[in-house]
Amino acid sequence: MPLHAAHRLDQIDGSDASERHAVGGHPLQRKCELRHKVVPAIGNDFRASSGFSELTNEMTVMTFPEATTDISEAVRKHHLATTFGWQDVAQRYRRSRIGAFWLTINMGVMIGALGLIFGNLFRTPMQEFLPFVGCGLIVWSFISSCLSDGCTSFIGAQGIILQVRMPLFTHVMRTLWRNIIVFAHNLVIVPIVLIIVGAHISWVAIISLPGFAVVSLNLLWMMLVLATICARFRDMTQVMQNFLQVIFYLTPIVWQIKTLPKGVPQNLFNLNPFYHLITLIRAPFLGEIPSSTSWLYAITMLGVGWLFALWLFDRYRKRVPYWL
């Protein structure tokens, strides 16, 4: 390389070095300084522009920490709910020779009376109508008793709630378990009715097990909502009982859909959630497979209902003891 060219390169390198020294040192050092200045600014702009803090708060609220903690603890200590539920049934029929089977006898008498009366009124064959009414009344009795007792789940356990540290959801599970025991006693009537009318139980009856699970989970969120609301507004208990009486006549329990006039719209039944819940358990006992509409309706109601119940319970859980 010629000497004048080498001298020129030395001058250029020297000028670049002096410029780097004047600006702030090595280029890598300037990049690091620039990065430390720009990145926090970008982060602050992102938090300010997109509402990062509000989004974080909303995500925290959607987890429902108070409600999920209470429910998960109650599930882990499920033996408390089952023990209290057995005790409730045993106390109710203490010193009775027949015990809880008095409920079965009462239900059997009601099924026989309503089956004979409405079967003759609607001129429906007894072999078809009596199992329909029997299964419908048994399932409806389970659903209505759970909702009616669910209104007083917290009120009835006032002494325990105010004195013992225990998950509130335990009392809802206790109410459900108590009614499951009664429901199991009443199920004894189903094979008896089928034998009387000369019918038989099909393998389709197994489908009633997942149907019972879906119905029970739906009842749990309904009972949780009712227990929370009725703890604050005591008159809602009476309102709910009147509402259940109206729903009993609007739901095909003691009458069949095919006996209605042709002009009655089908949406009257499709929009009735209790019709779908009853169908999931009753239809398999009658040898029928529940429709996909009933399954879809019940599962959708299960998801939406639990979201609402978790939100309500998470918001007002701490106020329940003060309302009592």
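**Exercise 1.** Which residues touch the most other members of the largest nonpolar core?

*Solution.* This is a predicted model. The largest nonpolar core has 76 residues. Within that core, Ile143, Phe154 and Trp306 touch the most other members. Now take Phe154 and set aside its neighbours within four places in sequence. Its contacts are then Ile161, Leu168, His171, Val172, Leu224, Ala227, Thr228, Phe313, Val320 and Leu324. A second core lies separate from this one and has 6 residues, among them Val89, Tyr93, Ile181 and Val182.

**Exercise 2.** Sort residues of helix H11 into buried and exposed, then explain the pattern.

*Solution.* Step one: H11 spans residues 189–197, and Ile189, Val190, Val193, Leu194 and Val197 are buried there. Step two: viewed down the axis of H11, the buried residues fall within an arc of 130°, so they line one face of the helix. The spacing fits a general rule: an α-helix has 3.6 residues a turn, so residues three or four places apart point the same way. Step three: Ile195 and Ile196 are exposed on the other side of H11. Step four: the cover over the buried residues of H11 includes helices H6 (101–121), H7 (126–150), H10 (169–186) and H15 (273–285). Step five: Gly198 follows H11, with a positive phi near 80°.

**Exercise 3.** Find which helix gives the most to the nonpolar surface patch.

*Solution.* List the members: Ile98, Phe101, Trp102, Ile105, Val109, Val188, Ile192 and Ile196. Together they have about 730 Å² of accessible area. H6 and H11 each supply at least two residues. H6 gives the most, with 4. Ile105 sits in H6. Ile105 is partly exposed, at 37% relative accessible area. Patch members need over 30%, so Ile105 meets that cut-off.

Key:
Residues numbered from 1 in each chain as written. Predicted model: local features only at pLDDT ≥ 70, side-chain atom pairs only at ≥ 80, totals over all residues. Heavy atoms only, no water. Buried < 20%, exposed > 50% of the residue type's maximum accessible area, 1.4 Å probe, protein only. Arc of directions from axis to C-beta. Contact = heavy atoms within 4.5 Å. Core = buried A, V, L, I, M, F, W, Y, C linked by side-chain atoms within 4.5 Å. Patch = residues over 30% accessible without salt bridge, like charges linked within 9 Å, V, L, I, M, F, W, Y side chains within 5 Å. Areas by Shrake-Rupley, 256 points an atom, 1.4 Å probe, with all protein chains shown as cover. Salt bridge = Lys/Arg side-chain N within 4 Å of Asp/Glu carboxyl O.
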